[in-house]
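Let's work through some exercises on a protein model together. Have the sequence and the 3D view ready, and try each task before you read its solution.

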Amino acid sequence: MKFGQELQENIYEPWRFEYVAYDVIKKDMKNRQLSHDWTDQDEKDFEAVLRLEADKVDLFITRKQREIDSRIAYCDRILVQQRPSMTLATQHSLYESMDDSLTDILTDLNDLAKFTRYNFLAFQKLIKKHDKYTHIDRQALLVDIVRNKSLDRQRFDVALVKISTLHDLCRLHGESRTGNAAAGLDQNAFERATAKYWVHPDNVTELKAILLFHLPVLVFNPNKPIEPEDSAISSVYFDNSDFDLYGGRLQRDEGAEAIRLRWYGPMSSNSIFIERKTHHAPWLDGASVKDRFRLDESQVNDFLQGRYTADQVAHDMATKQGMAQDVVEANHFIASGIQRSVAEKQLNPVMRVFYNRTAFQVPGDQRLRLSLDTDLTFIREDGNRRKNNNWRRQDVGVDYPFDYLPDNEIYRFPYAVLETKLQTHLGQEPPEWLTRLLDSKLVYEVPRFSKYLQGAAHFWSPQLPLLPWWLNDLEQLDIRNAKQVSGNFTGLSRSKSLKPLIDGRYRLGYLESQLEKRATLTRKESQAAKAKRAASLQRQNNKIPLPTTNESSEYKATVISPPVNSSTDPFADPIWRLDTTSSNENMQQYHQQQHYTAARQRVGIYDYVDGSSTEYLMGKTPRSSVMQHNNMTSQEALNGGNQQRDDVDAIISEEGGIPYSKKGKKGGGKKKKNKDRIEPKIFFANERTFIHWLYFAALLLTTALTLLNFGDKTTRISGGVFFGIAFGFAIYAFIRYRWRAHRIINKPTERYDDLYGPIGLCLLLVGALILNFVLEYQRAPDSNGYLNTGQNGTLS
């Protein structure tokens, strides 16, 4: 697709006249070329038009960004400063409206990022066409425009972090995160399953915006002002002249190492992390692991040259830093191993990798972590580029795009890199929303992608015997269209009325869909369990009469309400409970509760759970913090207070949310009983297992029929045994199939794998083979033919 057509298809209509006049400039340039030779005046006109268009685009970007910053500041002022002075009912409405406003801001920010990106590409294409037509190199003009205007270098990360903080505040309804974002910085032996994806620059901001709806941006120091350089990460990789570490990592040799020195933020950062990645570490029973410890910048050169030994490192950690003995021993093991590798393999700094990272993670929760690395840049560190043999170059900072470096020393990677990290040893599974996102066209999976391997292959490919497999994809594929997607994830978009849409839905509809996709099997309670739980509820909770109307005065209902600790729960306000002092007022208070979204109502009888919360989407159910559903009769509590969310909807919907009727009968007569929602794929898996058993039984039956039809007395006996085994296991498979179907419906949380069937099948088959061998061994040979046939082909 030509760029002009792509630009027209991606123009945001309300901003159409703010884009660079790409088609007009291109047509004018072509007409001048066709009418006469390109003159100095044409060159001046071309430069003047480009600069005017750049000023127009830059003014618009600056104005929109200030507008977005003002809207973010307004939301922050309302949520942080004015919220405490509001009533509780107003606060809950406020969270919903502010969350909608933040969603709208996030969509505008995504549109602005795409606007910036396409205008930068337009200037780039125009200058490229100019150079092709006129044979005059004007790349310096592009560099000057980009350097002085808000093009390509325009950063929205600071705004994204602020939106993430406010969105998380709305998601938690004012409660603060309790986890430590910095936990794990000095932690060793990370054991995680990592998958890596390329992200086209056009999709970076959109991907960040979508991730914000599920995970907060991880901020290590929330007490300091957010600055663009806070996201910068720099790593210096080590290798030798033979690139042994490169080869080991590429071929995934046992015990292959990658050694790097990393720091976060600007060059002035004093904390340097010495890291070693090991593939199938022998000291961890073959598990791949990343080890690291921290040194001051002034100690790094001495450590690499052996003057600051691992023993001294451990001693200083124990005495000066007061680390625990087990941590000191672990760091001593890492330091001695790295020093030994540096000395024995003659390792030296060869390459720096720079990028800006946005991490998405619940603070203190290491089970799920997503990181998006943008502005990925590779810089050579080998040879005499490091003065005084220092461990890193001093003439390079974190000022991307490093225009001052020569082209042979720098390589700017064309894509961003998304990493998903799951702690699989804890049994963590990716949430449904993440699986759906990774199946979309926003990302392109590149298994085993390595930043170091990519940079080394670019700079030193003639010296390397092997190159990474993904280089062909990098050179030949447009990753935006190279992927066949199974779903129809649409990302961020707008409706015809320009309302923000997430995956084709409004915010609440999107959050509701996440709840629906979390349908899981739920075990039905036995009568004994119900009675036991009801007795426990009666002991722990207070009984409060349900308010009644004049029309149903003869009916008295009771609700069992869990106690609310007002000292610990900031939202434990009596206004949110049903009381008996004033029926009319309480009815109004109850109806005030109905403004809660379906995503928050459809969870349980007692507990309010925010369906948009990170905890819920990651599989955790947070403690009820806002509202207790006190609209349930005592008989319903005895029959199972924690029914499924479909049952809750049915109860809430009756009589405006009150579970009683004019006739005094609960539910007003017949009431539909919604069955537990069970994934159809569970039944299909059961059917597949049954079919596999039948397939094996058919193979045994084929063997048995062959022995029965073409054998003598001895082989017929063996055939009969195999026939019996095949028949028995066909019946057994049918019984197990029906039994599993029953368990799936009634007791889905219990295991229904087969412990004895495969063992029994194995024993019977071995026994049948032994029997066949014994019978054949005892039988006197009476024929040399195949299957007991004579020389003339007839049966003996």
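Below are two exercises, each with a worked solution.

This is a predicted model, in which local features need pLDDT of at least 70 and side-chain atom pairs count only at pLDDT 80 or more, while totals for chains, interfaces and linings use all residues. Residues are numbered from 1 along each chain as its sequence is written, and side-chain values use heavy atoms, with hydrogens and water left out.

**Exercise 1.** Find which parts of the chain the salt bridge between Glu275 and Arg260 links, and decide whether Glu275 is buried or exposed.

*Solution.*
- Step 1: Recall that a salt bridge is a side-chain nitrogen of Lys or Arg within 4 Å of a carboxyl oxygen of Asp or Glu. For Glu275 and Arg260 the N to O distance is 2.6 Å.
- Step 2: Glu275 sits in strand 4 (residues 271-281) and Arg260 in strand 3 (residues 257-264), 15 residues apart. Strands here are DSSP runs (E, at least two residues), and helices are runs of H or I with at least four, both numbered from the N terminus.
- Step 3: Glu275 has a relative accessible area of 1%, so it is buried. Buried means under 20%, exposed over 50% and partly exposed in between (1.4 Å probe, protein chains only).
- Step 4: Arg260 is buried too, at 6%.

**Exercise 2.** Work out where Asp45 and Arg32 lie, and how Asp45 is classed by accessibility.

*Solution.*
- Step 1: The two side chains form a salt bridge at 3.0 Å, N to O.
- Step 2: Asp45 belongs to helix 3 (residues 40-82) and Arg32 to helix 2 (residues 22-35), 13 residues apart.
- Step 3: Asp45 counts as partly exposed because its relative accessibility is 26%.
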